[in-house]
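The exercises below are to be worked through with the sequence and the coordinates open side by side. Each one sets a task and then goes through a solution step by step.

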Amino acid sequence: MTKPMPARYRTTNWSACNAALRKRGSLLIWLDWEMTWLAPHEGRAGRPPVFSDGAIQFCLSIKVLFKLPLRQTAGMVASLLRMAGLDWPLPDHSTLCCRQKSLTVQIPYRRADGALNLLVDSTGLKFLGDGEWQARKHGAKGRRQWRKIHLAMDTATSDIRAVEFTPSRDGDSPVLPDLPEQIPDDEPIGTVTADGAYDTRRRHAAIIERQAAAIIPIRKNGRPWKEDGPAALARNDILRATRHFGRAFWRRWTGYHLRSRVEAKIRCLKALGGRIAARDPDRQTAEVHIRIALMNRFSALGTAEIVRVG
């Protein structure tokens, strides 16, 4: 019996993709000359902030992008402002550290036409403890702690549309209802694709509440649920289709294989650093959100368009 030929793919926009990759290396794409650098006075009691949230997010974006300490970040931002011919004042390292705790990061995204199709997955980032090689070679010394990041990616634009940041002890499935809540109510959700860890009643019910369809494989020992609601009916339909046609056919028919794209996006997230520099949970949340904003900005510059040719 001969083995089938592997599938072949072709990139259709090489020139645009190469131009986008070159733009990602530009330092000045992160700097908006029309941004409000100084914070407006709001008339509140106490000393007002000197720098706007946009200025603080720009400085912290440079920090995350180039994996710099706060003092080196201030030096690099000063050089960028001189290169751009701007005489703006510069926040020092203590100001950046204090403002990171309360910063609300603005995450850019593109809104696709039609219903939104979300790909959901999670990963962990370490913030305390030895590295993997050192722990294996010499044994773990002291505490090793992680934070878990839950992502929901749009298949049409490859932008991260929702993100949750939880302790490592929290499971994957309890966070799923919080992700669609971050999507505006006027934006319809077509499908939510996730792995078998999300095959629970509350997760299916949360997806049905947003009038979306769940593409979640049934667990190996999965049994039919009591059909006491639309969520159980939809889940049992998946179970019957899997048993009748087979799991492999169901994955191809529903497009479940697209979930590998969010796994690739997680690798991009870790390419910005396998460890979280901050120790405070609020500062850690801001750092992760800045990573998401950088990734969405990279996607907006352009991505490869790949089609199957055989």
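A residue is called buried when its relative accessible area is under 20%, and exposed when that value is over 50%. The model is a predicted one, and every value used in the solutions is computed from it.

**Exercise 1.** Decide whether A232 is buried or exposed, and describe its surroundings.

Step 1. Begin with the location: A232 belongs to helix α8, which covers residues 230-245.
Step 2. Compare its accessibility with the cut-off: the relative accessible area of A232 is 3%, so this residue is buried.
Step 3. List the contacts, setting aside residues up to four places away in sequence: A232 touches R201, W225, K226 and E227.
Step 4. Add a distance across the chain: A232 and R202 are 30 residues apart in sequence, and their C-alpha atoms are separated by 10.0 Å.

**Exercise 2.** Work out how far helix α2 is enclosed by the rest of the structure, and which elements its buried residues pack against.

Step 1. Establish the geometry: α2 runs over residues 53-66, and its 14 residues reach 20 Å from the first C-alpha to the last, close to the 20 Å expected at 1.5 Å a residue.
Step 2. Consider burial: because 11 of the 14 residues of α2 are buried, the helix is largely enclosed by the rest of the structure. Among these buried residues are not just nonpolar names such as I56, F58 and L60 but also Q57 and K63.
Step 3. Identify the partners: the buried residues of α2 pack against α3 (70-83), α4 (93-102) and α11 (281-301).

**Exercise 3.** Characterise K67 and S158 by backbone angle, location and burial.

Step 1. Examine phi: K67, although not a glycine, has a positive phi of about 55°, and S158, also a residue other than glycine, has a positive phi near 65°.
Step 2. Place both residues: K67 comes just after α2, in the loop between α2 and α3, whereas S158 is found in the loop between β3 (145-154) and β4 (160-167).
Step 3. Apply the cut-offs: with a relative accessible area of 52%, K67 is exposed, while S158, at 13% relative accessibility, counts as buried.

**Exercise 4.** Describe the setting of D121 and name the side chain with which its own side chain makes a polar contact.

Step 1. Locate the residue: D121 lies in strand β2, residues 116-128, and it is buried, with a relative accessible area of 9%.
Step 2. Find the polar partner: the side chain of D121 makes a polar contact with the side chain of R259 at 3.2 Å.
Step 3. Widen the view, leaving aside neighbours within four places in sequence: the residues in contact with D121 include I149, H150, L151, D195 and Y198, and further along the chain V262, E263 and I266.

**Exercise 5.** Determine which elements supply the largest nonpolar core.

Step 1. Start from its size: the largest nonpolar core has 47 residues, and those with the most contacts inside it are W30, W37, F58, I149 and L151.
Step 2. Trace the contributors: α2, α3, β2, β3, β4, α10 (260-271) and α11 each supply at least two residues, and α11 gives the most, with 9 residues.
Step 3. Look at one member: leaving out residues up to four places away in sequence, W30 touches F58, I62, L65, L294, R297 and F298.
Step 4. Separate the second core: apart from the largest one lies another, of 16 residues, among them L118, I183, A194 and A212.

Methods: Residues numbered from 1 in each chain as written. Predicted model: local features only at pLDDT ≥ 70, side-chain atom pairs only at ≥ 80, totals over all residues. Heavy atoms only, no water. Polar contact = N/O pair within 3.5 Å; in protein donor to acceptor, adjacent residues only side chain to side chain. Contact = heavy atoms within 4.5 Å. Helix = DSSP H or I, 4+ residues; strand = E, 2+ residues; numbered from the N terminus. Expected span 1.5 Å × (residues − 1). Buried < 20%, exposed > 50% of the residue type's maximum accessible area, 1.4 Å probe, protein only. Core = buried A, V, L, I, M, F, W, Y, C linked by side-chain atoms within 4.5 Å.
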